[in-house]
Amino acid sequence: MASRQHINTGRSQSQSQGSENRLFIKGGKIVNADGTEDADILIEEGIIKEIGKNITLPGGIRTIDAGGKLIIPGGIDPHTHLQLPFMGTKSVDDFYIGTKAAIAGGTTMIIDFVIPEKRESLHDAYKKWRGWADKKVCCDYSLHVAVTWWSPEVKEEMENLVRCQGVNSFKMFMAYKDVLMVKDHELYEIFEHCKKLGAIAQVHAENGDIIAENSKRVFSAGITGPEGHELSRPEDVEAEATHRACVLASQVNCPLYVVHVMSKSAANVIAAKRQEGCVVFGEPIAASLATDGTNYWNQCWRHAAAHVLSPPLRPDPTTPGYLMDLLAQDDLQLTATDNCTFTHEQKKMGCRDFRKIPNGVNGLEDRMSVIWEKGVHEGKMDASRFVAVTSTTAAKIFNLYPKKGVIAVGSDADIVVWDPEKTRTISAKTHHHATDSNIFEGMTCHGVPDYVICNGRVCVDQGQLKAVQGFGKFVSRKPFAPFVYDSLKEKDEKKKASMIPVQRSGFDGEMVSKTTTSKQSQHSTTNGDGNKPSNGEGSQATNGSGEDQTNVGRSNGSGIPTGPDSSSNSRSTVKLHAPPGGHSSGFW
């Protein structure tokens with residue numbers, strides 16, 4: 001079990017206003033990412049005060065009976081887009097509706113994305129998002145910031161956001177050419193700066209140049225429906241960008257977080273790079289773990305368009321199970337939703353052109369139940385791994401742990417009493433999102449929250465939603481998360497140790513130009529009257545078996561001349577077919 005030392009969360013009594021003063025949860029099984037324990041929990045002023053048996057209770061306390069249930073840390077969704085201006089419209093789940101839906105499903109914290117427009121100040125965009133969120137959120141939240149353009153001013157603003165605003169993660173788009181996409185040389189510099197700041201670099205990994213060309217080609221072929229979205233963004237376009245991002249980040253030892261992993265091949269890249277020692281994290285989302293891209297070929301345009309997001313769902317129906325397997329064994333590390341909802345009327349903006357369908361799906365309310373159903377109920381992971389992928393790992397990566405993501409003394413009382421046997425059937429008719437569709441429509445899931453507690457306040461009470469607008473607070477995050485950056489220390493030391501120049505005494509001889517070498521070669525192969533020499537005087541020496549003895553004693557096996565005659569004019573240059581660093585047919 002997690003350490004029970006007191007944790008200073010910095011949440012004052014005024015900040016926890018509205019929470020029950022005291023709560024007591026008894027009779028349940030506490031499940032953390034590192035194990036389980038039968039124990040009771042005392043909560044005071046929004047903080048976990050005591051864990052154990054035979055706790056002495058103060059007066060004026062509410063008791064929640066969790067007998068036969070699991071007590072788990074509230075879910076953390078590290079990837080949402082609430083009221084996002086995008087593709088000429090705005091996602092319909094605002095910060096009130098979105099966080100209310102999150103709580104209904106057992107998620108008690110989100111991390112949303114600030115997306116500045118090209119040339120927009122990062123700091124101005126950050127303030128705009130804070131203005132939208134602070135008065136609306138029902139649960140705690142934090143913010144990532146996207147870097148959509150690159151300049152010395154942006155570089156300085158990133159540093160200010162880390163130092164003064166509690167931001168420790170930045171997202172870059174490798175897609176959406178001419179709108180959000182940054183180029184490779186910019187990506188390299190941004191990774192380098194993130195590493196210096198102790199931040200997490202995140203990437204939307206798709207090859208934007210290829211997508212731009214594919215989209216024109218597919219549309220020109222007469223394909224206008226939602227299937228064109230997937231056809232223009234095939235799986236290898238995601239895998240290539242994922243590999244490229246890993247390579248670029250590893251050059252500067254920058255920790256990399258790949259958002260919304262949607263395909264087998266992209267997931268395999270991440271798994272392989274982690275095996276090589278790269279510090280990279282993969283985030284499949286509820287959509288990629290529970291549904292697939294065959295929906296784009298559905299005869300109903302409305303149904304097909306509701307599933308459009310980027311990268312797209314993959315037509316291979318075995319993809320969700322494959323990604324869940326990798327998630328269970330930690331080849332992929334955590335789950336999110338990329339919640340970015342649009343109504344059918346908004347999706348109809350692309351009714352004649354798939355390129356204009358707003359990209360985004362739901363997931364905030366359903367993620368926890370969907371992962372439990374597809375992961376735990378189907379036997380692919382245990383309850384502790386479920387806690388890790390839905391809460392704890394996100395808290396550790398983004399430096400929220402142990403304030404969030406664990407049930408421990410001193411942690412925030414973000415707690416879910418989870419009934420693993422109760423079922424619910426997902427439907428747009430009953431969900432709490434503002435959108436009129438649900439990509440999990442009709443799916444029956446085991447695993448339902450009976451109680452959801454946010455900072456000590458009961459927000460779901462025996463299944464009844466009682467979320468309060470404005471109750472949540474912004475959570476500042478410090479850089480250099482130990483879970484991420486401690487693992488980089490050894491890599492940094494090894495890289496530094498390898499950057500040692502070879503100590504040489506001097507040059508072995510002068511380099512001769514190709515022109516000079518050609519003249520020498522011509523001279524050495526003719527006799528005095530300009531004719532080629534016969535087997536007599538002036539011919540090459542042999543060892544009697546016809547083998548050329550010209551270079552005997554002069555080569556070290558790599559083509560570099562050595563020995564007593566290595567300075568002779570006839571061997572002052574050497575043609576290499578495989579010099580260090582790659583193939584060449586030039587002179588070295």
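# Notes on a predicted protein model

1. A good place to begin is Gln 83, which has a relative accessible area of 6% and is therefore buried. Gln 83 lies in the loop that connects strand S8 with strand S9 (85-86), and its phi is near 40°, a positive value in a residue other than glycine. Most residues other than glycine have a negative phi, and that is why such a value deserves a second look. Please keep in mind throughout that the model is predicted.

2. A similar case is Tyr 176, whose phi is near 60° and is likewise positive in a residue other than glycine. Tyr 176 belongs to the loop between strand S13 (169-173) and helix H4, and because its relative accessibility is 18%, and anything under 20% is taken as buried, Tyr 176 counts as buried.

3. For the overall picture, the secondary structure of the protein chain comes to 17 helices and 20 strands, and 55% of its 588 residues count as buried. Among the contacts in the chain with a separation of 6 or more, 75% are made by residues 24 or more positions apart.

4. How are the strands ordered in the open sheet with parallel pairing? The order is S8-S11-S12-S13-S14-S15-S16, which makes seven strands. Strand S8 (75-80) and strand S16 (280-284) stand at the edges with a single partner strand each, so one side of each has no neighbour in the sheet. From one strand to the next, the twist averages 25°.

5. Within this sheet, S8 and S11 run parallel and are joined by four bridges, and Asp 77 stands opposite Ile 110 in S11. Helix H2 (residues 122-133) packs on the sheet, where it touches S11 and strand S12 (140-146), and its direction makes about 155° with that of S12. Helix H13 (residues 367-377) lies across S8 and S11, and it runs at about 110° to S8.

6. Is Val 114, in strand S11 (residues 107-114), buried or exposed? Val 114 counts as buried, because its relative accessibility is 0%. If residues up to four places away in sequence are not counted, Val 114 touches Ala 125, Tyr 126, Trp 129, Leu 143, His 144, Val 145 and Ala 146. Val 114 and Phe 170 are 56 residues apart in sequence, and their C-alpha atoms are 9.3 Å apart in space.

7. A second open sheet should be read separately, with seven strands in the order S3-S2-S7-S17-S18-S19-S20 and mixed pairing. Its edge strands are strand S3 (35-38) and strand S20 (464-465), each of which pairs on one side only. Helix H1 (residues 95-105) packs on this sheet and touches strand S17 (415-425), strand S18 (444-454), S19 and S20, with its direction at about 110° to that of S18.

8. Both ends of this second sheet can be examined pair by pair. Strand S2 (residues 29-32) and S3 run antiparallel and are joined by four bridges; they form a hairpin with two residues between them, and Ile 30 stands opposite Glu 37 in S3. Strand S19 (residues 457-461) pairs with S20 in the antiparallel sense over two bridges, and Val 460 stands opposite Leu 465 in S20.

9. Turning to helix packing, the axes of helix H3 (residues 152-164) and helix H4 (residues 184-197) come within 11 Å and cross at roughly 30°, and H3 and H4 are therefore roughly parallel to each other. The crossing in which H3 passes H4 is right-handed. Lys 155, Met 158, Glu 159 and Val 162 in H3 meet Ile 190, His 193, Cys 194 and Leu 197 in H4, and by class this contact has five nonpolar, one polar and two charged residues.

10. Thr 337, in the loop between helix H11 (319-328) and helix H12 (344-347), is buried because its relative accessible area is 1%. Neighbours within four places in sequence aside, Thr 337 is in contact with residues including Asp 77, His 79, Thr 80 and Gly 363. Thr 337 and Gly 363 are 26 residues apart along the chain, yet 5.2 Å separates their C-alpha atoms.

11. Finally, two peptide bonds should be checked, since most peptide bonds are trans. A cis peptide bond with omega of about -10° joins Ser 310 and Pro 311, and Pro 311 is in the loop between helix H10 (301-306) and H11. Another cis peptide bond, with omega of about 5°, joins Tyr 401 and Pro 402, and Pro 402 is in the loop between helix H14 (383-397) and S17.

Terms used: Residues are numbered from 1 along each chain as its sequence is written. This is a predicted model: local features need pLDDT of at least 70, side-chain atom pairs count only at pLDDT 80 or more; totals for chains, interfaces and linings use all residues. Side-chain values use heavy atoms; hydrogens and water are left out. Axes are lines fitted to C-alpha atoms, for helices over the stretch in contact, and angles run from 0 to 180 degrees between N-to-C directions. Angles under 35 degrees count as roughly parallel, over 145 as roughly antiparallel, 65 to 115 as roughly perpendicular and the rest as oblique. A crossing is left-handed if the near helix is turned anticlockwise from the far one by less than a right angle, and right-handed if clockwise. Contact means heavy atoms within 4.5 Å. Ala, Val, Leu, Ile, Met, Phe, Trp, Tyr, Cys and Pro count as nonpolar, Asp, Glu, Lys and Arg as charged, and the others, Gly among them, as polar. Buried means under 20% relative accessible area, exposed over 50%, partly exposed in between (1.4 Å probe, protein chains only). Two strands pair if DSSP finds at least two bridges between them.
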